[in-house]
Amino acid sequence: MTLRANASFIRDRQGHSLPRQEMITEIQAQSRGDTKELVAVGEHFDIVFIDADQRNAVNDYNFVMDNHLLRMDGVICVENTLMKGQVYLENISDENVLAVRNLNNVINSDPRVEQVILPVQGGMSVIRRSRAHADRVIESKKELVKDDVFWGYNRCHILDRLRLDGKVAYVTGGGQGIGRAFAHALGEAGAKVAIVDLVLAKAEVVAEELSLKGIKSMAMGADVSKPEDVQRILDAIVARWGTVHIACNNAGINMNSASEDTSLEEWDKTFNVNLRGLFLCCQAAGRIMLKQGYGKIINTASMASLIVPHPQKQLAYNASKAGVVKLTQTLGTEWIDRGVRVNCISPGIVDTPLIHSEELKPLVQRWLTDIPAGKLAQVTDLQAAVVYLASEASDYMTGHNLAIEGGQSLW
Ligand SMILES: NC(=O)c1ccc[n+]([C@@H]2O[C@H](COP(=O)([O-])OP(=O)(O)OC[C@H]3O[C@@H](n4cnc5c(N)ncnc54)[C@H](O)[C@@H]3O)[C@@H](O)[C@H]2O)c1
């Protein structure tokens, strides 16, 4: 019996995490020895392989089912369940064939599971838990509360409610840094993703990355501060994929200067991208979403909307990001009763090219003393939040500013 866990964090008996291959070997070794130890690993498995042509196959099958080693949506694959068709012949005395026949009978009469037998090689049975059986057992237990919490809202388990299959998304500033991480996260969750960036070449690279992972994507060059560019990208997405469900307005710039030296040019440039551009995107995407009665807008604000980051000086940036939060709150309340949720994410200091300038690099050590988490955020720290806000699991959330800053805004 080989069990394949999905988790990469299973630990050996000394508490060291095991690489996947070692982990499988470890479990195989345990299953040959004291099977109680296998249960003690405490992990559920996505896939369990059993060879029907083995003496202990029935025991292995019962062991997996009785000890809940199979994940809720996991499968058991049993090889050799047809034994060259001999399992169907009468008057067979071959021990192996009888054992396989016995195993098939056990599986067939087990109400907990349903199965298909594929006529490939020696026969492959693919077995999963039967929902109908679970339903019947649960219905018969009068004392249980059979509500959405029990069954899952719309009969969906919580992780399925985060899926974005069939959804169309775009990410501005998607060519690098946080936007690139958002694009990957949305795509991994099932959405088609348009990558929009001022620099088309960067967007193309990220779109190519997504394609390599089997995610439908397209790349577009656009300056979000220009209304004609914003309209062009939305028209192109609708022409290609029919609509837009998820708008990730993430492009932003930061030009550091002391307030007394901040030029009007810097002020305008910062506001044009960070606030005007974000407004243009919200409005253009919002019009499509309001028409269809559904949409998720996720704006990238900043921890600078909550505190005044220091010692660097960034008046225009801070003010523009405070504007992003107020814009998000206003749209979030104005549009929610028409099915469009608007929220924003406020990252703390994230390790991206934005903070790798010659002026900012020397400040990293200083910043670290201000961050309870003791480290800068990585772009991957933000990915789950964007998927949550893009999914129906967050439908009751609107106008929210979700800070992900390692506790920095609390100190
Ligand atoms: N890095 C941080 O520490 C941090 C912290 C809080 C908030 N943020 C915000 O997160 C967002 C992304 O930041 P990042 O760190 O990934 O930045 P980044 O500079 O690494 O990437 C920004 C991307 O946006 C693109 N872009 C710039 N101006 C544009 C425009 N006018 N139109 C379209 N695309 C444009 C750039 O080409 C670049 O690819 C920004 O809004 C930023 O303010 C960043």
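1. Before anything else, a term: a polar contact here is a pair of N or O atoms within 3.5 Å, and inside the protein one of the two must be able to donate a hydrogen and the other to accept it. Keep in mind, too, that this is a predicted model.

2. A good place to try that term out is Thr369, whose side chain reaches the backbone oxygen of Arg366 at 2.6 Å. You'll find Thr369 in the loop between helix 12 (364–368) and helix 13. Is Thr369 buried or exposed? The cut-off for exposed is over 50% relative accessible area, and Thr369 has 54%, so it counts as exposed. If you want a feel for distance, Thr369 and Ser140 are 229 residues apart in sequence and 58 Å apart in space, going from C-alpha to C-alpha.

3. Now step back to the sheet. Seven strands make it up, in the order 8-7-6-9-10-11-12, and the sheet is open with parallel pairing. Why is one side of strand 8 (217–221) and of strand 12 (401–404) left without a neighbour in the sheet? Both stand at the edges with a single partner strand each, so there is nothing from the sheet on the other side. Direction ignored, neighbouring strands are turned by 15° against each other on average.

4. Have a look at the middle of that order. Strand 6 (residues 168–172) runs parallel to strand 9, and three bridges join them; Tyr170 has Ala247 of strand 9 as its bridge partner. Ala247 in turn is bridged to Ile297 in strand 10, where strand 9 (residues 246–249) and strand 10 pair in parallel over four bridges. Carry on from Ile297 and you meet Val342 standing opposite it in strand 11. Strands 10 and 11 (residues 340–347) are parallel as well, with six bridges between them.

5. How are these strands connected? From strand 10 the chain passes through helix 11 (residues 315–335) to strand 11, and this β-α-β crossover is right-handed. Strand 9, helix 10 (residues 264–292) and strand 10 also form a right-handed β-α-β unit.

6. Strand 10 deserves its own look. How many of its residues are buried? Six of the six in 295–300 are. In a regular strand, side chains alternate between the two faces of the sheet. Here both faces are covered, with Gly295, Ile297 and Asn299 buried on one side and Lys296, Ile298 and Thr300 buried on the other.

7. On to the helices around the sheet. Helix 9 (residues 227–241) lies across strand 6, strand 7 (192–197) and strand 8, at about 160° to strand 8. Helix 10 packs on the sheet too, touching strands 6, 9, 10 and 11, and its direction makes about 170° with that of strand 10.

8. Helix 13 (residues 383–390) is mostly covered, with six of its eight residues buried. The buried ones are Gln383, Ala385, Val386, Val387, Leu389 and Ala390. What covers them? The cover includes helix 7 (177–188) along with strands 9, 10, 11 and 12.

9. Last, the ligand. It is surrounded by 28 residues, and the closest are Asp197, Asn250, Tyr317, Val350 and Thr352. Backbone atoms show up in its polar contacts: a backbone N or O atom of Asn250 lies 2.7 Å from a ligand oxygen, and a polar backbone atom of Val350 is 2.7 Å from an oxygen atom of the ligand. For Val224, a backbone N or O atom lies 3.1 Å from a nitrogen atom of the ligand.

Definitions and conventions: Residues are numbered from 1 along each chain as its sequence is written. This is a predicted model: local features need pLDDT of at least 70, side-chain atom pairs count only at pLDDT 80 or more; totals for chains, interfaces and linings use all residues. Side-chain values use heavy atoms; hydrogens and water are left out. Buried means under 20% relative accessible area, exposed over 50%, partly exposed in between (1.4 Å probe, protein chains only). Helices (H or I, at least four residues) and strands (E, at least two) are DSSP runs, numbered from the N terminus. Two strands pair if DSSP finds at least two bridges between them. A crossover is right-handed if, with the strands pointing away from the viewer, the path from the first strand over the helix to the second runs clockwise. Axes are lines fitted to C-alpha atoms, for helices over the stretch in contact, and angles run from 0 to 180 degrees between N-to-C directions. Contact means heavy atoms within 4.5 Å. A residue is near a molecule or strand if one of its heavy atoms lies within 4 Å of it.
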